[in-house]
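Open your viewer, switch to the cartoon view and keep the selection box at hand. We will go from the whole chain to single residues and back again.

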Amino acid sequence: MNDAEIIQSFDTEKDKSLKIQLQKVEGLEKCMVILLSGYVDTYNSTFFQKRITTLIDAGYVQIIFNCAHLDYVSSTGIGSFTAFLKAVKSKGGDIVLLSLQPKVYEVFQLLGFANFFTIHDSLETSIDFFKNKGAPIVSQTSVFPKIFSCPICAKKLKAPRPGRFRCSECKTILVIDSNAQVSLG
């Protein structure tokens, strides 16, 4: 199913720097996965806002932004995400940010917005979030997100999942394993 079949006239406008694809979620009538590829900045934020507002106006208020291929978000882009969150919350919905790249997460964190958004690393847990009416998913084995100090400069950092990260202060590459053990990368 193409995007225009999901939301009429969704594909009428294009942008080379940001590709947006839609994916419906079985069993959740108001839920949509939005796959983002490219970047969101001052130049394409109006395009981004128009597309997502069209989706929200069509009644999709449980939105999962799959950010696995989103390479950059400026402060203007963060403002767009915040506006979407406000719009869906007023209609009883919510937003999940899925698979944020470390450098994108860092922008959310540096601007102080990481705590406002629900962030998940798997589509399954993102869908479960909405199936459970936005209740936090409690896992007995998960240690993430993990707050830790950079072993080089002692800056407090937050890792949403295991993987490689760059310290926002000293730029050291760090590796965090599934047990939340930090080592130099």
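Here is a tour in five stops.

Before you start, note that this is a predicted model: local features need pLDDT of at least 70, side-chain atom pairs count only at pLDDT 80 or more, and totals for chains, interfaces and linings use all residues. Residues are numbered from 1 along each chain as its sequence is written, and side-chain values use heavy atoms, with hydrogens and water left out.

**Stop 1: the whole chain**

Show everything. The protein chain has five helices and ten strands; these are DSSP runs numbered from the N terminus, with helices being H or I of at least four residues and strands being E of at least two. Of its 185 residues, 42% count as buried, where buried means under 20% relative accessible area, exposed over 50% and partly exposed in between (1.4 Å probe, protein chains only).

**Stop 2: the five-stranded sheet**

Now select residues 18-24, which are strand 1, and 118-120, which are strand 5. These are the edge strands of an open sheet, where five strands follow the order 1-2-3-4-5 with mixed pairing. Two strands pair if DSSP finds at least two bridges between them. From one strand to the next, the twist averages 25°.

Add residues 31-40 (strand 2) and 62-73 (strand 3) to the selection. In which sense do strand 2 and strand 3 pair? They are parallel, with nine bridges. To find one of their bridges, click Ser37 in strand 2 and look for its partner, His69, in strand 3.

**Stop 3: helices on the sheet**

Select residues 45-57 to see helix 2, which lies across strand 1, strand 2 and strand 3 and runs at about 15° to strand 1. Such angles are taken between N-to-C directions, from 0 to 180 degrees, using axes that are lines fitted to C-alpha atoms, for helices over the stretch in contact. Contact means heavy atoms within 4.5 Å.

Next, select helix 5, residues 123-131, and colour Ser126, Ile127, Phe129 and Phe130, which are buried. Why do the buried residues of helix 5 line one face of the helix? Seen down the helix axis, they fall within an arc of 145°, so they share that face; the arc is that of the directions from the axis to the C-beta atoms. Their cover includes strand 2, strand 3, strand 4 (94-98) and strand 5.

**Stop 4: two serines**

Click Ser45 in helix 2. Ser45 is buried, with a relative accessible area of 6%. Although Thr76 is 31 residues away in sequence, the C-alpha atoms of Ser45 and Thr76 are 7.0 Å apart.

Then go to Ser17, in the loop between helix 1 (3-6) and strand 1. Ser17 is buried too, at 16%. Its side chain makes a polar contact with the side chain of Asn44 at 2.8 Å; a polar contact is a pair of N or O atoms within 3.5 Å, where within protein one must be able to donate a hydrogen and the other to accept it, and residues adjacent in sequence count only if both atoms are side-chain atoms.

**Stop 5: strand 9 and its partners**

Finally, select residues 173-176, strand 9. Leu174 and Ile176 point to one face and are buried, while Ile173 and Val175 point to the other and are not. In a regular strand the side chains alternate between the two faces of the sheet.

Strand 8 (163-166) runs antiparallel to strand 9 and is joined to it by four bridges. Strand 10 (182-184) is also antiparallel to strand 9, with three bridges. End on Ile176: its bridge partners include Gly163 and Val182.
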